[in-house]
Amino acid sequence: MEETKKKVMLSGIQPSGDLHLGNYLGAIKNWGARADEFDCYYFMADMHTITVRQVPADLRRRTLTQLAQYIACGLDPEKNTLFIQSHVPAHAELGWVLNCYTMFGELSRMTQFKDKSAKHADNINGGLFTYPALMAADILLYQPDYVPVGNDQKQHVELTRNVAQRFNNIYGDVFKIPEPYIPKTGARIMSLNDPTSKMSKSIPEGCVFLMEKPEDIQRKFKRAITDSDTEHCVRFDPENKPGVSNLMNIYSAVTGKTMAEIESEFDGKGYGVFKPAVGEAVIECLRPIREETERILKDKAYLESIYKAGDEKAAYVAGKTLRKVYKKVGFVAR
Ligand code: TRP
C-alpha cells in the first residue's frame, strides 16, 4: 500500500507572555485539529526572546508554562512534535550559515526590527538585527510546506523564501521553499474595556488570561464595557453595539451558540444578567485548560519526557538538513 506523506507545517512560539482568551479563541483552539492533516512541529522560540532583555528565571518558567498550556489547549504531544529551540543546536548552527546569505539591506527593511529598536533604543543588539536569519534557519531545517504566521511575521517568511532561493541558486535544491499559511481565523476577540482594540496583555483589565482565577475572570466580565445606547438589550450589532457584540462573540465561541440563539436566550434580560452569564461560560471553558496546565506543570517528569521526545525527533530531522548544508558550503565532514 502506498503511503501518502502528510505535508509538513512548522511554527515557533515566543515564550514572552501569558496566553489569554483572545489567543485561545482566535487561534490556539484550532491548532489541535491540524495534526489530522499535517505533520506539525511547534517549538518554544526561547533563543529569539533574548533579543530583548529577559529575567532568566521568568524565561525558564514561561517556556515550560507555555508548553504545558499548549498541550492543555489540545496540542497532543503524541500527534505533534513539541520541542524547545535551544535544545536543538542545529538552529544556532544553520542560523550562523544563513547569516552569511542574508543581506544587510534586507535585514534593515524588516519592520519588526525598526519597531523593536525604537522601543528598546538602549539595546539595539546584533541578535535583534539578524533575528530573521535565525528564524529562516528554524524554518528551513524542517523543510516544511507551510508556516502558519500572523500578519506581523509575513515579512520574515518572505525573507526566508528569498534566502532559501538564493542558497538553492548557488548550491542546488537544498531547501524546500515554504509557503506562509494564513490560518482560518477563529473569533476576533476585543478588549473587555475597549471594544475597539484587540484583547491584549498590554491592557490587563480588559484581558482574560488562561490561568486566571475564576473570581478575577468574573470581576472583569462584570466590569466589561457595554454600550451607551438606550435599548439595553442583547442584540448583535458590531457597528452600533461593539461592546455587547464582543461579549456575544465570546459567548458564542465558548458555547457554540449562534447569535440568534443568544439573542433569544437573553431576550428581555438586561446586561446585568448577560455579563455574568458570559463570565460564567468563559470560566467553565477555561477551567479544564487551567487545571490540565497545573497538572502538567506539577508533573515535571511528564513535561520533561514530552520535550525530550520532541527535541530528539526535531534534532534528527534538522540534523539531516544541516549536514547537507555543511557539505554544500564546503565544511569538512565531522
Ligand atoms: N518570530 C516569531 C514571532 O515573533 C516566532 C518564530 C521564531 C517563528 N521562529 C519561527 C514563527 C519560525 C514561525 C516559524 O512570533
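1. What covers the buried residues of helix α5? The cover includes β3 (80–84), α8 (126–140), α9 (154–171) and α14 (300–329). Contact here means heavy atoms within 4.5 Å. Helices (H or I, at least four residues) and strands (E, at least two) are DSSP runs, numbered from the N terminus.

2. This is a predicted model: local features need pLDDT of at least 70, side-chain atom pairs count only at pLDDT 80 or more, and totals for chains, interfaces and linings use all residues. Residues are numbered from 1 along each chain as its sequence is written, and side-chain values use heavy atoms, with hydrogens and water left out.

3. Look at α5 itself (residues 90–99). Its buried residues are A90, H91, L94, G95, V97 and L98. Buried means under 20% relative accessible area, exposed over 50%, partly exposed in between (1.4 Å probe, protein chains only). The buried residues cover an arc of only 165 degrees around the axis, so they sit on the same side of α5. The arc is that of the directions from the helix axis to the C-beta atoms.

4. Now the largest nonpolar core. A nonpolar core is a set of buried Ala, Val, Leu, Ile, Met, Phe, Trp, Tyr and Cys residues joined through side-chain atoms within 4.5 Å. This one has 55 residues, and L21, F221, I250, F274, V282 and L286 touch the most other members. Helix α13 (residues 271–298) gives the most, with 10 residues. Domain 1 (2–187 + 299–329) and domain 2 (204–294) both contribute residues, so the core lies between them. Domain bounds come from an automatic or database domain assignment.

5. A second, separate core has 40 residues, including L159, A164, A314 and A318.
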